Structure formats: structure tokens, C-alpha cells
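I opened a fresh page for this model and meant to work from the helix outward. My notes follow in the order in which I looked things up.

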Amino acid sequence: MKSFKKVVRLLYLGLVISLATIGIALVGPIPLQITHKKMPLEHPIELVRSDDESEQESDQIKIIH
């Protein structure tokens, strides 16, 4: 009786595994959700200098969109 129960359990396990495999094959894999957009980490920056190099305070930084 013990060997019969063991065989039935193994057959049941094989049945569950085969049904799961067939279900995955029919439905397909679970789709992954992309929650973020791929954006560049840094913005391009341009340094604008005036013609007069003696004034260091006139340097401006522009962020290019």
C-alpha cells in the first residue's frame, strides 16, 4: 500500500508539472512592466563666453533642451 501511494503521488506530481508547462506554453511568459522611461541622466550644457575675457562673471551656462 505504501508503494502504491508513492506511485500515485509521483504520477500526480508529473500531471501537475505537465499541466503547468502546457499552460505556460499556451499563454506565454508573464509580461514585464516598464515603469520608467530611458532618459539621459545629464542635460547637455553649453558654456557661453563673452568677447571680453577679462570679465569672468559674464560667463553664462545655458541648458540646451
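**Notebook: the helix and its surface**

I began with α1, which has 26 residues and reaches 38 Å from its first C-alpha to its last, close to the 38 Å expected at 1.5 Å a residue. I kept in mind throughout that this is a predicted model, and I noted that confidence is highest in α1, at a mean of 93, and lowest in strand β2 (residues 60-63), at 59. For the protein, I read a mean pLDDT of 76, with 55% of the residues reaching 70 or more.

I then followed the order of elements along the sequence, which gives the pattern α-β-β, that is, one helix and two strands. Just after α1 I found Gly28, whose phi is positive, near 100 degrees.

Next I asked how many of the 26 residues of α1 are buried. The number is zero, so α1 lies largely in the open. For the protein I found a matching entry, since buried residues make up 0% of its 65 residues. I recorded an accessible surface of about 7200 Å² for the protein, and 65% of that belongs to carbon and sulfur atoms.

Last, I looked for nonpolar side chains on the surface, and I found a patch formed by Tyr12, Leu15, Val16, Leu19, Ile22, Leu26 and Val27, with about 780 Å² of accessible area together. I picked out Leu19 from this patch; Leu19 lies in helix α1, which covers residues 2-27. Is Leu19 buried or exposed? Leu19 has a relative accessible area of 53%, and because exposed means over 50%, I entered Leu19 as exposed.

Terms used: Residues are numbered from 1 along each chain as its sequence is written. This is a predicted model: local features need pLDDT of at least 70, side-chain atom pairs count only at pLDDT 80 or more; totals for chains, interfaces and linings use all residues. Side-chain values use heavy atoms; hydrogens and water are left out. Patches are made of residues with over 30% relative accessible area and no salt bridge: like charges are joined within 9 Å, nonpolar side chains (Val, Leu, Ile, Met, Phe, Trp, Tyr) within 5 Å. Accessible areas come from the Shrake-Rupley method with a 1.4 Å probe; for residues, only the protein chains shown count as cover. A salt bridge is a side-chain nitrogen of Lys or Arg within 4 Å of a carboxyl oxygen of Asp or Glu. Helices (H or I, at least four residues) and strands (E, at least two) are DSSP runs, numbered from the N terminus. Buried means under 20% relative accessible area, exposed over 50%, partly exposed in between (1.4 Å probe, protein chains only). The expected span of a helix is 1.5 Å times one less than its number of residues. pLDDT is the predictor's confidence in each residue, from 0 to 100.
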